[in-house]
Amino acid sequence: MTDLSTSRTRLAPTATDSKDGGDSGIEQVRTRLVLDTSVLIADPTCVLDFRDSDIVVPLTVVEELDGLKSRSDDVGRAARTALRTLEELRVRHGGSLASPVPTGTGTATLQIEINNIRKHLLVEHGLDPSIPDNRIIGAAIGQSDFGPTTMVSNDAALRIKAAHMGVDAAAHSPTRSDRPTAAIGWSTIDTAFEKIDCLYAAGAISVDAVLDTDEPPSENEFAVLRSGSQSALVRTVGDEFVLLNQQGPEPWGLRPRNKEQRFALELLLDPDVSVVALDGRAGTGKTLLAIAAGLEMVVEQPRYERLAVYRPLVPVGRADVGFLPGGLDEKLDPWMSAIHDAIVALTDQGNSHDARGLIDELTDRGQLSLESVTFLRGRSLQRQMVLIDEAQNLEPTTLRTILTRVGEGTKVIFTGDTSQIDAPYLGENNNALSVLTSAFADQRCFGHITLTACERSDVASLAAELL
């Protein structure tokens, strides 16, 4: 399935382009893109980013956005932004989007499709035409009469059903980067032993001296240089591989258990890397490493004034935070328990009582705060180390909100597991963590590591591997 990026993708026409600029009489067939509600929630202004395509928004999608606009969360804000974008285009072009109008980006056009929903085909395939998702598929089938059509959706079930009905289906990735998402943030490179000897002697070696490729590693990407039994851990800085110190960091007494954790700590403890993304399944140590680095940089080395931990409140069913009893701190406790568990693991004896005492002490001194991502809007974060936990459950629009809050001397860490997403309208490609990793790749201020080895316990490792 194709992964569409709105800002850079040009969908190829089905007819062959004329070599003389179109004078041969062959008409170029334009691609029609039918957008699902999930796309406009993930990227509310994406209709202004597609180029050289005919964008079709079924009226059913507008109805769904209208139903979502009253929500007070990021989904509601995205729905309102998407509706405002459509409304501005409608007013600019005479008051109606029933016919295609130019979006102002390339030669792209936009229209809202009211009719031409092939209900009889939906019924023949056992799909209820009264269900909004099925009506969107019916609209895409109708558009295929006018040219090659692709239905763009972040809903896997919708893409499966559309493909079954003979409609091309693609996911949408709201990234503005031309560089693909880094797989894990590090690689293993085989090289000559002379190169490793030079590396140890000088402390760094040119990337070109080791690699002969047109695609060098990203900034702050790590590597294991290997030659037989010799090896070296390096980090990409500019056009050089820089050797990591033999004595690895041990923040708050935490010793890394594998090279991935070592790489992560290098990024977490480097004040010049102001944005860090840690991805990985449960038990790989993402939150533990971030908390340990935060405590080290706030308490032991007062480089930052406070460690601020934020988590998204993803309700289970209809049990939102207001459903829980008690004051705000008590309501947040279920979501912050993972942070408490991490601090327990960092205490000398793994004692829960000591961990609670440490949390209370640091909170009273203003060096630690545990809050919901909801409270970030309107804030300005100065000289703080900010941890955004469970970032895979955040909308890309929230990612932008968070990063635009960052002031001078602040470091932001995003942790999460992109294979375990609890929020609706989000998938592995369009959640905040994935979008950040792709968009910020190769920036000097950014680093990313995907942790794969489960280090929680032998039982946890076996469960992750066997179950």
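**View 1. Helix H11 (328-346) gives the most to the lining of the largest pocket, six residues in this predicted model**. Helix H10 (286-300) and strand S17 also put two or more residues each into that lining (helices are DSSP H or I runs of at least four residues, strands E runs of at least two, numbered from the N terminus).

**View 2. Here's the middle of the largest pocket, with Gly-283, Gly-285, Thr-287, Leu-288 and Arg-456 nearest its centre**. In total, 35 residues line the pocket (an open set of 1 Å grid points for a 1.4 Å probe, protein on both sides within 12 Å along at least five of seven lines; lining atoms within 4 Å of a point). The space inside comes to about 910 Å³, taken as the volume filled by probe spheres on the points. As for the lining's make-up, 12 residues are nonpolar, 11 polar (Gly counts here) and 12 charged.

**View 3. Six strands make an open, parallel sheet, in the order S15-S14-S16-S17-S13-S18**. Strands S15 (368-372) and S18 (446-451) sit at the edges, each pairing on one side only (pairing takes at least two DSSP bridges). Neighbours are turned by 15 degrees on average, direction ignored.

**View 4. Zooming in on S13 (275-280) and S18, we find six bridges joining these parallel strands**. Leu-278 stands opposite Ile-449 of S18.

**View 5. Helix H9 (259-268) lies across S13, S16 (384-388), S17 (411-416) and S18**. Relative to S18, H9 runs at about 155 degrees (fitted C-alpha axes, N-to-C, 0 to 180 degrees; contact is heavy atoms within 4.5 Å).

**Notes.** Numbering starts from 1 along each chain as its sequence is written, and side-chain values use heavy atoms, without hydrogens or water. Local features need pLDDT of at least 70 and side-chain atom pairs 80 or more, while totals for chains, interfaces and linings use all residues.
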